[in-house]
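Please look through the sequence and the model below before reading on. The explanation then moves from the interior to two individual residues and on to the pockets.

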Amino acid sequence: MSLESVRQFFSEHAPDISVIVTEASSATVALAAEAHGVEPDQIAKTICLRIGEDVVLVVTAGTKRLDNRKFKDRFGVKPRMLDAEAVVEATGHPVGGVCPFGLPSPLKVYCDLSLQDFEEVVPAAGATNAAVKIAPERMRSLVNGEWADLCQ
């Protein structure tokens with residue numbers, strides 16, 4: 001269902017963008033980069049976090065890591081990762097396929113500035129072997145995201 005919700009999202013909001021399904025898994029940054037022929041940092045990984053009672057998504061360049069100090073300065077708390085079951089509950093997507101598209105209910109999305117280094121990024125698309133190729137600003141706009149400096 002997750003892959004279908006992403007396909008539905010793009011058919012409604014950006015019909016010119018196709019979901020790419022590969023034979024190979026793209027569940028990790030390294031596997032996704034190999035499957036799509038891009039550098040690991042072009043993979044737009046989506047991290048599902050809890051800030052107080054709220055669940056948010058942070059989308060960042062593939063090899064970047066959250067900077068706890070930047071995060072705490074921005075939100076007043078340390079980031080808390082959700083476990084796999086909570087990620088599926090919040091996003092409808094399995095770990096390895098998490099993306100800011102086709103969510104069962106709206107979540108606040110923060111796009112790390114690291115994504116702006118690329119003309120095109122490759123976020124997952126609701127399955128461990130699905131992705132899309134998209135300009136970072138278009139992705140941010142489609143998901144009503146906010147640019148943020150959250151990574152090292």
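What follows is a walk through a predicted model, taken one region at a time.

A sensible place to begin is the interior, since in soluble globular proteins nonpolar side chains tend to be buried together. The largest nonpolar core in this model has 33 residues, and those with the most contacts inside it are Phe10, Val19, Phe101, Leu115, Val132, Ile134 and Met139. At least two residues of this core come from each of α1 (2–13), β2 (43–51), β3 (54–61), α4 (84–91), β5 (108–112) and α5 (136–142). Phe10 can serve as a viewpoint here: leaving aside its neighbours within four places in sequence, Phe10 is in contact with Pro15, Ile17, Val19, Phe101, Val132, Ile134 and Leu142. A second, separate core has 11 residues, including Ile47, Leu49, Ile51 and Cys151.

Two further residues deserve a closer look, and the first is His36, which lies in helix α2 (residues 29–36). Is His36 buried or exposed? Its relative accessibility is 8%, and because buried means under 20% relative accessible area, His36 counts as buried. When neighbours within four places in sequence are left aside, the residues in contact with His36 are Ile20, Thr22, Ser26, Val122, Ala131 and Lys133. Of these, Lys133 is 97 residues from His36 along the chain, yet the C-alpha atoms of the two are separated by 9.1 Å.

The other residue is Ser2, found in helix α1, and Ser2 is likewise buried, because its relative accessible area is 11%. Not counting residues up to four places away in sequence, Ser2 touches Gly92, His93, Pro94 and Gly126, and the side chain of Ser2 reaches the backbone oxygen of Gly92 at 3.1 Å.

The pockets come next. The largest pocket has a volume of about 400 Å³ and is lined by 25 residues, of which Ala27, Lys45, Thr46, Gly96 and Val98 lie nearest its centre. Two or more lining residues are given by each of α2, β2, α4, β6 (122–123) and β7 (130–131), and β2 gives the most, with 6 residues. By class, the lining of the largest pocket divides into 18 nonpolar, 6 polar and 1 charged.

The second largest pocket holds about 210 Å³ of space, and among the residues lining it are Phe9, His13, Pro100, Leu107, Leu142 and Asn144. The lining of this second largest pocket has 8 nonpolar and 4 polar residues, with no charged residues. Leu142 thus links two parts of this account, being in contact with Phe10 and lining the second largest pocket.

Definitions and conventions:
Residues are numbered from 1 along each chain as its sequence is written. This is a predicted model: local features need pLDDT of at least 70, side-chain atom pairs count only at pLDDT 80 or more; totals for chains, interfaces and linings use all residues. Side-chain values use heavy atoms; hydrogens and water are left out. A nonpolar core is a set of buried Ala, Val, Leu, Ile, Met, Phe, Trp, Tyr and Cys residues joined through side-chain atoms within 4.5 Å. Buried means under 20% relative accessible area, exposed over 50%, partly exposed in between (1.4 Å probe, protein chains only). Helices (H or I, at least four residues) and strands (E, at least two) are DSSP runs, numbered from the N terminus. Contact means heavy atoms within 4.5 Å. A polar contact is a pair of N or O atoms within 3.5 Å; within protein, one must be able to donate a hydrogen and the other to accept it, and residues adjacent in sequence count only if both atoms are side-chain atoms. On a 1 Å grid over the protein atoms alone, a cavity is a set of points where a 1.4 Å probe fits but cannot get out, and a pocket is an open set with protein on both sides within 12 Å along at least five of seven lines; lining residues have an atom within 4 Å of a point. Grid points are joined across faces, edges and corners, and a volume is the space filled by probe spheres set on the points. Ala, Val, Leu, Ile, Met, Phe, Trp, Tyr, Cys and Pro count as nonpolar, Asp, Glu, Lys and Arg as charged, and the others, Gly among them, as polar.
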